[in-house]
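Here's a quick briefing on one helix, the neighbours it packs against, and a charged residue elsewhere in the chain. Have a look at the structure first, then work through the points.

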Amino acid sequence: MNLNAEQSLIGAILVRPEEIEKCDDVQPEMFQDSILGRIFRALQQLYDTGKPVNVVAVAQRLPDVPNEILAKIFKDCADLCISGQSAESYAETVRSAYIARQASQAVNAVQFTPADAGRQIGGLITS
């Protein structure tokens with residue numbers, strides 16, 4: 001499940017913040033859960049500026065998210081994370097899920113017409 005990978009990625013980075021370097025092509029908008037995306041952005045910013053990467057620092061960057069919700073999210077992330085060394089594989093799952101969602105949205109946005117359905121489907125497959 002994609003949510004598990006997103007939570008595991010956050011947990012892995014909290015365990016070993018330097019693992020975020022292996023996730024440089026992951027973007028916050030790739031997260032299906034928008035709060036996890038915002039947490040990821042906060043983790044990136046903290047790491048990039050050399051500040052401590054921890055739950056307190058992240059929570060300070062998300063003042064609009066109630067502490068009870070953040071506490072549950074961080075607990076879920078920690079529960080799913082096996083080790084920080086897995087951050088790269090979790091990141092790949094997040095990227096792949098994002099690409100799949102984008103492709104699905106593109107396919108669903110096409111209005112097929114009976115006369116051109118074959119050509120339209122062929123165009124989607126080759127693009």
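Let's start with the length of H2: at 1.5 Å a residue, its 15 residues should span 21 Å, and the end C-alpha atoms are indeed 21 Å apart, so the two values agree. Keep in mind that this is a predicted model.

**The ends of H2**
- Helix H2 covers residues 34–48.
- At the start of H2, Asp33 lends a hand: one of its side-chain oxygens comes to within 2.9 Å of the backbone nitrogen of Ile35.
- After H2 comes Gly50, which has a positive phi, near 75°.

**What H2 tucks away**
- The buried residues of H2 are Leu36, Gly37, Ile39, Phe40, Ala42, Leu43, Gln44 and Leu46.
- Those buried residues pack against three helices: H1 (2–15), H3 (55–61) and H4.

**Where H2 meets H4**
- The axes of H2 and H4 (residues 67–80) come within 12 Å and cross at roughly 80°.
- An angle from 65 to 115 degrees counts as roughly perpendicular, so that's the label for H2 and H4.
- On the H2 side, Ile35, Leu36 and Ile39 make the contact, while H4 brings Ile69, Leu70, Ile73, Phe74 and Cys77.
- Sort the residues in this contact by class and you get eight nonpolar, no polar and no charged ones.

**Arg95, over in H5**
- Arg95 sits in helix H5 (residues 87–109).
- Is Arg95 buried or exposed? Its relative accessible area is 13%, and under 20% counts as buried, so Arg95 is buried.
- Leaving aside neighbours within four places in sequence, Arg95 touches Asp25, Val26, Met30 and Glu88.

Definitions and conventions: Residues numbered from 1 in each chain as written. Predicted model: local features only at pLDDT ≥ 70, side-chain atom pairs only at ≥ 80, totals over all residues. Heavy atoms only, no water. Axes fitted to C-alpha atoms, helices over the stretch in contact; angles between N-to-C directions. Helix = DSSP H or I, 4+ residues; strand = E, 2+ residues; numbered from the N terminus. Parallel < 35°, antiparallel > 145°, perpendicular 65-115°, else oblique. Contact = heavy atoms within 4.5 Å. Nonpolar A, V, L, I, M, F, W, Y, C, P; charged D, E, K, R; others polar. Expected span 1.5 Å × (residues − 1). Buried < 20%, exposed > 50% of the residue type's maximum accessible area, 1.4 Å probe, protein only. Polar contact = N/O pair within 3.5 Å; in protein donor to acceptor, adjacent residues only side chain to side chain.
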